[in-house]
Amino acid sequence: MTTTDTRPDTGSRTGPRTAARPGRPGSALARARGGLPTLVFLAPMLIVFGVFSWLPIGRAVVMSFQRTNLVTDPVFVGFANFQQVFADPLLWTAVQNTGYFALLALVFGYPVPLVAAILMSEVRRLRGLFSALAYLPVVVPPVVAVLLWKLFYDAGEDGVFNTVLAWFGLGPVAWLQDSGAVMPSLVLEATWAAAGGTVIIYLAALVGVDPSLYEAAEIDGAGVWRKLWHITLPQLRGVLLITFILQIIGTAQVFLEPFLFTDGGPANRTLTLLLLIYRYAFTNSLGGDYGAAAALSLMLAVVLAAFSMLYFRLTRSWSS
């Protein structure tokens, strides 16, 4: 009895091998040829990113060591700009105000998107409508939103919020003129304007939670709060850590609300770091002190970068 070899003939017995083994020059050449199209496709993005991102950053670093108003020739002054910024008493006022804004936004603004997303995830009908309504403030241009809220914050009795307070026998409140109410007022508008995007992120993360976990918890008799604490929050841990650091970075760079609502007032109670940078650069019609503005910008960037690195290092084990 004869047997027939049914294995496919790969030609390895009759022809020479053409594939290069790993580590030979041929394999390196193949990898180089394979990466060339990728490099070609990435080149436009790298060029645009370098010209419009890294080049301005490098220019700002150079300007931080120069005395320049972009009109006269720059003069190298070393660390004089940094010494000038540290000697400015408004710097520490801006640091305190920025920290206060970040704290209020963290305490009152950070939980709002999470709570809203959890409530929306429990809604079976009209979830898409609620998601669209939550995201609507993000679509509104920021300047338009601030101007709209300035009408709400009108200190007169005809102001929208003061009219509502009058229904309960309260008010009126000078929302943007009172030193105690102005910062919470700014945080309220900023939370309304930015929460929609975070809500969508949380909703997308909640979709990825395994429903069998909730079913098992219900069988064990777990209530809503136990399911939230032992299932929902642990499953969203990685997303929560990312949104937390993004919130810190965003609030540390708040500018639009203090600028358009109060221009830093009353009595510099809403002067933030970015608003101080703006004043350094643009308050003088003949050319501002761009060196000091660049120095403060560089210091803020270094502090935020160091904080981000430390944060990710400390939370590396928590996110897994």
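Is N268 buried, partly exposed or exposed? In this predicted model, N268 is partly exposed, because its relative accessible area is 26%, which falls between the limits of 20% and 50%.

**The loop between α12 and α13**

N268 is found in the loop that connects α12 and α13. Most residues other than glycine have a negative phi, and most peptide bonds are trans. Against that background, N268 has a positive phi of about 60° although it is not a glycine. A267 is found in the loop between α12 and α13 as well, and A267 also has a positive phi, of about 55°, without being a glycine. The relative accessible area of A267 is 72%, so this residue counts as exposed. P266 lies in the loop between α12 (256–262) and α13 too. The peptide bond leading from G265 to P266 is cis, with an omega near -5°.

**Helix α8: length, kink and buried positions**

Helix α8 comprises the 26 residues 182–207. At 1.5 Å a residue this helix should span 38 Å, and the distance between its end C-alpha atoms is 38 Å, so the expected and computed values agree. A kink of about 45° is nevertheless present in α8, centred on A195.

Two residues of α8 illustrate contacts between parts of the chain that are separated in sequence. V182 lies in helix α8 and is buried, because its relative accessible area is 1%, under the limit of 20%. The C-alpha atom of V182 is 7.6 Å from that of T270, although the two residues are 88 residues apart along the chain. T191 likewise lies in helix α8. With a relative accessible area of 18%, T191 is also buried. T191 and A105 are 86 residues apart in sequence, yet their C-alpha atoms are 7.1 Å apart in space.

**Helix α5**

The 13 residues of α5 should span 18 Å at 1.5 Å a residue, and the end C-alpha atoms of α5 are 18 Å apart, so this helix agrees with expectation. A kink of about 25° lies at L133 in α5, shortly before the proline P137. P137 is itself one of the buried residues of α5, together with S131 and A134.

**Packing of α8 against α5 and α11**

Two packed helices are described by the angle between their axes and the distance between the axes. The table gives both values for two pairs that involve α8.

| Helix pair | Axes come within | Crossing angle |
|---|---|---|
| α8 and α11 (residues 237–252) | 10 Å | roughly 165° |
| α5 (residues 127–139) and α8 | 6 Å | roughly 135° |

How are α8 and α11 oriented to each other? Their crossing angle of roughly 165° is over 145 degrees, so α8 and α11 are roughly antiparallel. The crossing of α8 and α11 is right-handed. For α5 and α8, the angle of roughly 135° lies outside the ranges for roughly parallel, roughly antiparallel and roughly perpendicular, so these helices are oblique to each other. The crossing of α5 and α8 is left-handed.

**Aromatic pairs**

A pair of aromatic rings is described by the distance of the centres and the angle of the planes. Counting ring pairs with centres within 6.5 Å gives 23 aromatic pairs. In one of them, the ring centres of F65 and F79 are 5.4 Å apart and the planes stand at 85°; this angle is over 60 degrees, so the pair is edge-to-face. The pair links distant parts of the chain, with F65 in the loop between α1 (25–63) and β1 (66–67) and F79 in the loop between β2 (75–76) and α2 (80–87), 14 residues apart. F79 is exposed, with a relative accessible area of 56%.

The rings of Y278 and F282 form a tilted pair, because their planes meet at 40°, with the centres 5.3 Å apart. Both residues belong to helix α13 (residues 273–282), and because they are 4 residues apart there, about one helical turn separates Y278 and F282. Y278 is partly exposed at 29% relative accessible area, and F282 counts as partly exposed at 49% relative accessibility.

One aromatic cluster is formed by W149, F152, Y153, F161, W175, W192 and F261.

Methods:
Residues numbered from 1 in each chain as written. Predicted model: local features only at pLDDT ≥ 70, side-chain atom pairs only at ≥ 80, totals over all residues. Heavy atoms only, no water. Expected span 1.5 Å × (residues − 1). Bend = angle between axes of the 7 residues up to and from the residue. Phe/Tyr/Trp six-rings, centres within 6.5 Å; stacked < 30°, edge-to-face > 60°. Buried < 20%, exposed > 50% of the residue type's maximum accessible area, 1.4 Å probe, protein only. Axes fitted to C-alpha atoms, helices over the stretch in contact; angles between N-to-C directions. Parallel < 35°, antiparallel > 145°, perpendicular 65-115°, else oblique. Left-handed = near helix turned anticlockwise from the far one by under 90°.
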